[in-house]
Amino acid sequence: MAELDFTQWISYVVTSLVAVHLIDVLLKRGITGVLKSVANFLLLMPGADRAVKAFTRKEVDDYVSQAFNRKPGTAKNVISIPEKGIPVNDLRKELETFKSGDKHLSENGRLFAYVYTSEGPRFNLQREAFKMFTDLTLNSVNDERVEMIHAFLDAFMHDNALNPMVFPALRRFENEVVGMTASMLHGDGNVVGSVTSGGTESILMAMKTYRDRARSLNPNITKPTVVAPSSIHPAFEKAAHYFDLTMKHVQVDPETLTCDTKEYENMIDSNTILLLASAPAYPQAILDPIEAISDIALRHKLPFHVDGCFGGFMLPWVEKLGHNIPKWDFRVEGVTSISADLHKYGYATKGASVVCYRDSSIRKHQFFAYSGWSGGLFASPTMAGTRPGGHLAAAWIALRAMGQDGYMDMARKLMETANKMKAGIRNIEGLKVFGSPLMTAFGFGSNQAALSIFAISDIMEKKGWKMEVQRNPDSVHCTILPGHVKSADNWLVDLKDAVDFVKVRSLRV
Ligand SMILES: *Cc1c(COP(=O)(O)O)cnc(C)c1O
């Protein structure tokens with residue numbers, strides 16, 4: 001919490017008390033009369049500033065225990081993604097229970113905030129449109145599980161996870177989504193986190209959290225720096241831009257796309273507050289040397305965030321299938337937080353990601369609380385104010401409908417497809433796959449000066465494929481998705497054609 005000047009301090013005292021009262025009324029639990037009078041007494045004493053801060057901290061702690069349904073600092077029950085996906089009929093029954101639980105207030109006109117819509121033809125149209133477009137963007141399995149994901153999205157699309165006390169189902173969804181993700185990443189019961197709107201918000205939150213943590217631990221650091229391989233996602237640059245941090249990049253090798261860990265360590269200076277790496281980095285899907293960077297983090301007593309936005313919901317299953325994946329998650333001692341996108345290989349609808357921390361002593365720097373508002377205490381865990389309930393519900397059901405067996409099954413199919421495509425590329429003279437991508441994505445390019453990968457990609461576009469081209473090094477990016485299981489063979493035929501065409505044309509020139 002920022003230092004306060006005197007006038008701010010006075011208003012803080014007053015508003016804290018108002019906030020306490022409001023919380024009392026709202027929650028009908030919260031802070032007791034005893035605590036109030038103790039606090040009132042403390043305010044008259046020298047050093048009250050500190051007392052007020054502690055007092056406000058207590059408010060926030062109370063909010064946390066209400067919002068997350070447990071006492072601050074205590075470990076929660078460990079919960080995992082079910083071993084077998086839960087049958088759709090059972091999920092349908094659960095949906096009915098949840099609906100009747102959370103809807104009674106808004107549907108009976110008893111709630112005075114949050115839900116602005118009501119039932120009726122116009123809103124049904126809105127629903128239909130939303131459903132149609134999420135259908136198109138759902139990079140998922142085409143079966144009745146998708147139907148369930150939509151049913152939950154639909155049931156909760158107007159609910160707001162900003163106030164988990166009003167929407168207990170959303171509170172449960174968030175706790176369980178974070179819990180299931182943490183277990184998948186081999187975290188223990190102390191791992192805590194938040195569901196956010198996507199990878200970028202997860203990354204923004206992590207960067208802000210470590211900035212505020214560094215401020216509280218070492219106020220002498222006025223120009224904080226963060227070290228990362230140059231393949232790190234631009235969301236970190238965005239965060240650095242927003243939160244006034246300086247990124248220090250270690251250039252990755254243009255062939256292997258990995259960085260030298262000596263060079264990485266040399267980037268650390270007395271202003272460094274955080275180390276970063278990816279599992280894997282998006283462009284060529286290369287896993288950074290997480291264990292080596294973890295050792296560096298431990299040596300320098302620095303926190304270490306691993307960006308698992310891309311691989312978070314894929315690498316664990318690829319490893320379980322028996323592929324050799326170096327350790328990169330909470331099993332690695334120096335890793336203090338991980339971001340993992342539900343709306344990528346978690347097969348949830350767009351607008352869902354998880355950021356999780358090894359324990360709550362780190363996460364506490366993520367929260368924002370303000371008690372000086374005429375609307376009472378405003379406490380919010382992430383960047384967003386209103387937090388859409390639909391995507392949270394859809395993510396919760398996606399994890400449970402898929403189950404570990406569903407995720408493994410999909411991982412197996414996508415790995416087979418990726419391996420077939422990589423082998424096909426290596427068989428085409430003039431093409432190469434960059435580095436050693438370990439999961440269901442890769443980048444490829446040309447190894448002949450006369451053969452332009454961009455020309456090849458242009459021809460492929462004419463043949464109806466949408467290729468993502470990238471520079472440094474010149475390459476084409478491929479994320480392997482469920483649709484590719486069927487289209488991979490045709491793609492390879494067209495790719496061979498495109499390469500031949502470009503070769504002949506460059507001969508003519
Ligand atoms: C997708 C991705 C992000 C950003 O996530 P958004 O959901 O697009 O905001 C960050 N890092 C990696 C490695 C990614 O693949």
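Colleague: How far does a polar side-chain atom of His-343 lie from an oxygen atom of the ligand?

Modeller: In this predicted model, His-343 is among the residues that come nearest to the ligand, alongside Gly-199, Thr-200, Asp-307 and Lys-344. A polar contact requires N or O atoms within 3.5 Å. A polar side-chain atom of His-343 meets an oxygen atom of the ligand at 2.8 Å.

Colleague: How much of the area that the ligand exposes when taken alone does the protein bury?

Modeller: Taken alone, the ligand exposes 380 Å². Of that area, the protein buries 85%.

Colleague: Which helix gives the most to the shell around the ligand?

Modeller: The ligand has 13 residues around it, which divide into five nonpolar, five polar and three charged. A backbone N or O atom of Gly-199 lies 2.9 Å from a ligand oxygen, and a polar side-chain atom of Thr-200 lies 2.5 Å from a ligand oxygen. With three residues in the shell, the element that gives the most, spanning residues 199-217, is helix 8.

Colleague: Is Asn-160 buried or exposed?

Modeller: Asn-160 is found in the loop between helix 6 (144-156) and helix 7 (168-184). Its relative accessible area is 4%, and buried means under 20%. Asn-160 is therefore classed as buried.

Colleague: With which side chain does the side chain of Asn-160 make a polar contact?

Modeller: Beyond its neighbours within four places in sequence, Asn-160 is in contact with residues including Tyr-114, Gly-385 and Arg-387. A polar atom of the Asn-160 side chain lies 3.0 Å from the backbone nitrogen of Arg-387. The side-chain partner, at 3.2 Å, is Thr-386.

Note on methods. Residues numbered from 1 in each chain as written. Predicted model: local features only at pLDDT ≥ 70, side-chain atom pairs only at ≥ 80, totals over all residues. Heavy atoms only, no water. Near = heavy atom within 4 Å. Polar contact = N/O pair within 3.5 Å; in protein donor to acceptor, adjacent residues only side chain to side chain. Areas by Shrake-Rupley, 256 points an atom, 1.4 Å probe, with all protein chains shown as cover. Helix = DSSP H or I, 4+ residues; strand = E, 2+ residues; numbered from the N terminus. Nonpolar A, V, L, I, M, F, W, Y, C, P; charged D, E, K, R; others polar. Buried < 20%, exposed > 50% of the residue type's maximum accessible area, 1.4 Å probe, protein only. Contact = heavy atoms within 4.5 Å.
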